[in-house]
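Please open the structure in your viewer and keep the selection tool at hand. The stops below are meant to be taken in order, each with something to select and something to look for.

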Amino acid sequence: MMDQFVENPFLSARGVGGGSRRSWDVKEDNDALFLRMDMPGLGKEDVKISVEQNTLIIKGQGEKETEDEESRRRYSSRLDLPPNLYKLGEIKAEMKNGVLKVVVPKVKEEERKDVYQVKIE
């Protein structure tokens, strides 16, 4: 899943970026998944983040720069996150200077209910 996201993070993107990876950074360690998205010209009030049916949805929309509706900056992306791997209720996000940072904490291996340790005899 991560490989697919890294190859094409804009699985259902429209507007600015349109499938380009240039505005995304994705990192993962043992504790969390870290997403960084450049959204120049947008503030935190212009960005909406939600989780619907285990899918992280990030949408951003700026003010119209001209009378032309198409000149509005738009960002949209979706990422499926298995609930047994990530703590979907503990996602944190920060928007600063046109950069959105999202941290998705991982479920520790010892907390996972789908991991069983096999005793060796």
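The tour goes from the whole chain to its two sheets and then to two single residues.

**The whole chain**

Begin with everything displayed, and bear in mind throughout that this is a predicted model. Coloured by secondary structure, the chain shows one helix and seven strands, and, read along the sequence, these elements follow the pattern α-β-β-β-β-β-β-β. Of the 121 residues in the chain, 32% are buried. If you switch on a molecular surface, the exposed area of the chain comes to about 8300 Å², of which carbon and sulfur atoms supply 45%. Among the contacts between residues at least 6 apart in sequence, 49% join residues at least 24 apart.

**The sheet of four strands**

Select strands 1, 2, 7 and 6 next, which form an open sheet in that order with antiparallel pairing. Its edges are strand 1 (24-28) and strand 6 (92-96), each of which pairs on one side only, and the twist from one strand to the next averages 10 degrees.

Now narrow the selection to strand 2 and strand 7 (residues 99-105), which run antiparallel and are joined by seven bridges; here L35 can be found opposite V102 in strand 7. Moving to the other side of strand 7, you will find five bridges that join it to strand 6, again in the antiparallel sense, and M95 has L100 in strand 7 as its bridge partner. Strand 6 and strand 7 form a hairpin with two residues between them, and N97, in the turn, has a positive phi of about 55 degrees.

**The sheet of three strands**

Hide those strands and select strands 3, 4 and 5, an open sheet with the order 3-4-5 and antiparallel pairing. Strand 3 and strand 5 (74-80) stand at the edges with a single partner strand each, so that one side of each has no neighbour in the sheet. On average, and with direction ignored, neighbouring strands of this sheet are turned by 10 degrees against each other. Strand 3 pairs with strand 4 (residues 55-61) over six bridges in the antiparallel sense, and along this pair I49 stands opposite I58 in strand 4.

**P105**

Return to strand 7 and select P105, which lies in that strand. Is P105 buried or exposed? Its relative accessible area is 16%, and because the cut-off for buried is under 20%, P105 counts as buried. Displaying the surroundings of P105, and leaving out residues up to four places away in sequence, you will see that it touches D31, A32, Y86, K87, E90 and I91. A distance label between the C-alpha atoms of P105 and N30 should read 9.2 Å, although the two residues are 75 residues apart along the chain.

**D46**

The last selection is D46, in the loop between strand 2 (32-38) and strand 3 (47-52). Which side chain of opposite charge is nearest to D46, and how far away is it? That side chain belongs to K48, at 7.4 Å, and D46, although buried, has no salt bridge. Apart from neighbours within four places in sequence, the residues in contact with D46 are G41, K59, G60, Q61 and E63, which are worth displaying together with D46 as you finish this stop.

Terms used: Residues numbered from 1 in each chain as written. Predicted model: local features only at pLDDT ≥ 70, side-chain atom pairs only at ≥ 80, totals over all residues. Heavy atoms only, no water. Buried < 20%, exposed > 50% of the residue type's maximum accessible area, 1.4 Å probe, protein only. Lys, Arg positive; Asp, Glu negative; His and termini not counted. Salt bridge = Lys/Arg side-chain N within 4 Å of Asp/Glu carboxyl O. Contact = heavy atoms within 4.5 Å. Pairing = 2+ DSSP bridges. Axes fitted to C-alpha atoms, helices over the stretch in contact; angles between N-to-C directions. Areas by Shrake-Rupley, 256 points an atom, 1.4 Å probe, with all protein chains shown as cover.
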